[in-house]
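Subject: Handing over the structure

Dear colleague,

I am passing on the structure that I have been working through, together with some notes on what I found in it. Please open it first and keep it in view while you read.

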Amino acid sequence: MDSDTPLLPLTRFQKLMIALGTVSMGAGMTINFVVVAPLAREAGLTEIEIAGILTFSSVLYTVFTPIWGRIADRVGRKRVMVFSLTAMGFANMAFLFALSAALAGLVTGLMAFLLLAFVRTLFGFLAPGLQPAAMAAMTDATTPANRAGGLGMLGAAMSLGSILGPAGAAVLARVGALAPLWGTIVFNLIVAVLIAVALPPTRPLPHHHDRPPPLSMRDPRVFPHLMFLFVYFVAVGMIQQTIGWFIADRYEFTDTAAQTAKQAVVLYTGLTMACTSIAIIIVQFGYVSRRSPDPRRILPIGLGLLAVGYISADLFHPFWMVMTSFVVVGIGAALAVPSANALGSLSVGRSEQAGAAALLASAPPAGFVVGPLLGSILYMANPSLPFLAAAIVFCILSAYALLVTGRRPLGSG
């Protein structure tokens, strides 16, 4: 097939529907850190127990992401996306009921921990199919010339979801501390219906095209990019797990009435994370998508900005400075993540790029296996340590991107 022709073309509207699914996923994942982490501590769980619940779910998510990617190859990307969104909605609903019971004191101590951990396994088993299916569908619907832009749109969509999550939390928290979770559940289910209606039926590949076998995680062309993204998301996971606690403890919301304190933590955490996400959207659409800069050039710059942003958030106490620091973090992430994904996808041949996309999709949940737990341990020792550790990681990654990745020819593994 002509390399200028997509394998399985989609209309712009259909691509936007795939991106909307990723928006929904981003909102649901962000809510976990804006709402669940601080409220679970209100329910009497320790930082390590909360991190353990999310870590166990992330382990399952990581293990099942490539499995769902292969299932999507066999039964169709649309079916897997619809199933994953529906399962995500109902799994989060079950978790909400369990968290409500813990907050009400109906289950306490070890029983609360075991109940929340058990219910969270549903998410890890059933939800991982959306991201690899969406990335593979977008890969098949684009050409090498515009693939980075297509995958970047999914990254921007995830960021938009991470705006809607905190923004929705800030608005819906006025109704109740758990109202934001209900919002994401309804969003997941509505988007599942929209994708089911908008996308075409599952289509086979052109008759003269055979899919290559799945790429191995140890494939030397992809492995460096996979490890790079894994380490990146370990550092991000450390901060996202602890940011709600950091804000609650720094600004001492415990001095107010219990319900007001819960709402204030959700509001301030939501505003902080929304600053990052808004910056990501502006830079992604205003610069990266328009200018299509060389990913090898902007990757180390983005990573350096991430380090500066996290150090600043810890050093400066006024809340407006914390928000400003997370704007810097957002600018850095907008430069770094699409670049890293594009370099990983372009490291293999055209026929293998869907497999590379599926492998790269496993990096964020794999990073969140380690990051939240490590961040919780560091936070219990000193609230500043997760920020310092993340900044050091990004400095190291920036040096690697500058000295190693930046010197490779584009499209070389």
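Let me begin with helix α7, which covers residues 179-198 and offers a simple check of geometry: at 1.5 Å a residue its 20 residues should span 28 Å, and because its end C-alpha atoms are 29 Å apart, the two values agree. Please bear in mind throughout that this is a predicted model, and that the values below are computed from it.

Which residues of α7 are buried? They are Ala179, Pro180, Leu181, Thr184, Ile185, Asn188, Val191, Ala192, Ile195 and Ala198. When you look along that list, it may help to recall that an α-helix has 3.6 residues a turn, so residues three or four places apart point the same way. Two of these buried residues, Ala192 and Ile195, are also touched by Val82, which in addition touches Ala196. Val82 itself is found in helix α3, residues 77-103, and its C-alpha atom is separated by 10.0 Å from that of Val197, although the two residues are 115 residues apart along the chain.

Stepping back to the whole chain, you will find that its secondary structure comes to 14 helices and zero strands. Of its 413 residues, 58% count as buried, and the chain exposes about 16,300 Å², of which carbon and sulfur atoms supply 70%. Among the contacts with a separation of 6 or more, 87% are accounted for by residues 24 or more positions apart.

Two further pairs show how residues that are distant in sequence are placed in the model. Val34 lies in helix α1, residues 12-42, and because its relative accessibility is 0%, it counts as buried; its C-alpha atom is separated by 8.4 Å from that of Gln240, which is 206 residues apart from it along the chain. Leu267, in helix α9 (residues 258-291), counts as partly exposed because its relative accessibility is 23%, whereas buried would mean under 20%. The C-alpha atoms of Leu267 and Gly168 are separated by 9.4 Å, with their positions 99 residues apart along the chain.

Next comes the interior. In soluble globular proteins, nonpolar side chains tend to be buried together. Here the largest nonpolar core has 81 residues, and those with the most contacts inside it are Tyr232, Leu303, Leu306, Tyr310, Phe326 and Phe394. Helix α8, residues 223-251, supplies the largest share of this core, namely 14 residues. Apart from this core lies another, of 29 residues, among them Leu10, Trp68, Ala134 and Val191; you have already met Val191 as one of the buried residues of α7. If you select Tyr310 and leave out residues up to four places away in sequence, you will see that Tyr310 touches Ile239, Phe326, Val329, Phe387, Ala390 and Phe394.

Nonpolar residues are found on the surface as well. Ile311, Leu315, Phe316, Leu388, Ile392 and Ile396 form a nonpolar patch there, with about 550 Å² of accessible area together. Both α10 (295-315) and α14 (385-403) supply at least two residues of the patch, and the largest share, three residues, comes from α14. One of the patch residues is Ile392, found in helix α14, and because its relative accessible area is 44%, Ile392 is described as partly exposed.

Finally, how many salt bridges are there? The count comes to one salt bridge. Side chains of opposite charge can pair when their charged atoms come close. In this case Arg296 forms the salt bridge with Asp294, and the closest N and O atoms are 2.7 Å apart, which is within the 4 Å that the rule allows. Arg296 counts as partly exposed, at 22% relative accessibility, and Asp294 is likewise partly exposed, with a relative accessible area of 28%.

With best wishes

Methods
Residues numbered from 1 in each chain as written. Predicted model: local features only at pLDDT ≥ 70, side-chain atom pairs only at ≥ 80, totals over all residues. Heavy atoms only, no water. Patch = residues over 30% accessible without salt bridge, like charges linked within 9 Å, V, L, I, M, F, W, Y side chains within 5 Å. Areas by Shrake-Rupley, 256 points an atom, 1.4 Å probe, with all protein chains shown as cover. Salt bridge = Lys/Arg side-chain N within 4 Å of Asp/Glu carboxyl O. Helix = DSSP H or I, 4+ residues; strand = E, 2+ residues; numbered from the N terminus. Buried < 20%, exposed > 50% of the residue type's maximum accessible area, 1.4 Å probe, protein only. Core = buried A, V, L, I, M, F, W, Y, C linked by side-chain atoms within 4.5 Å. Contact = heavy atoms within 4.5 Å. Expected span 1.5 Å × (residues − 1).
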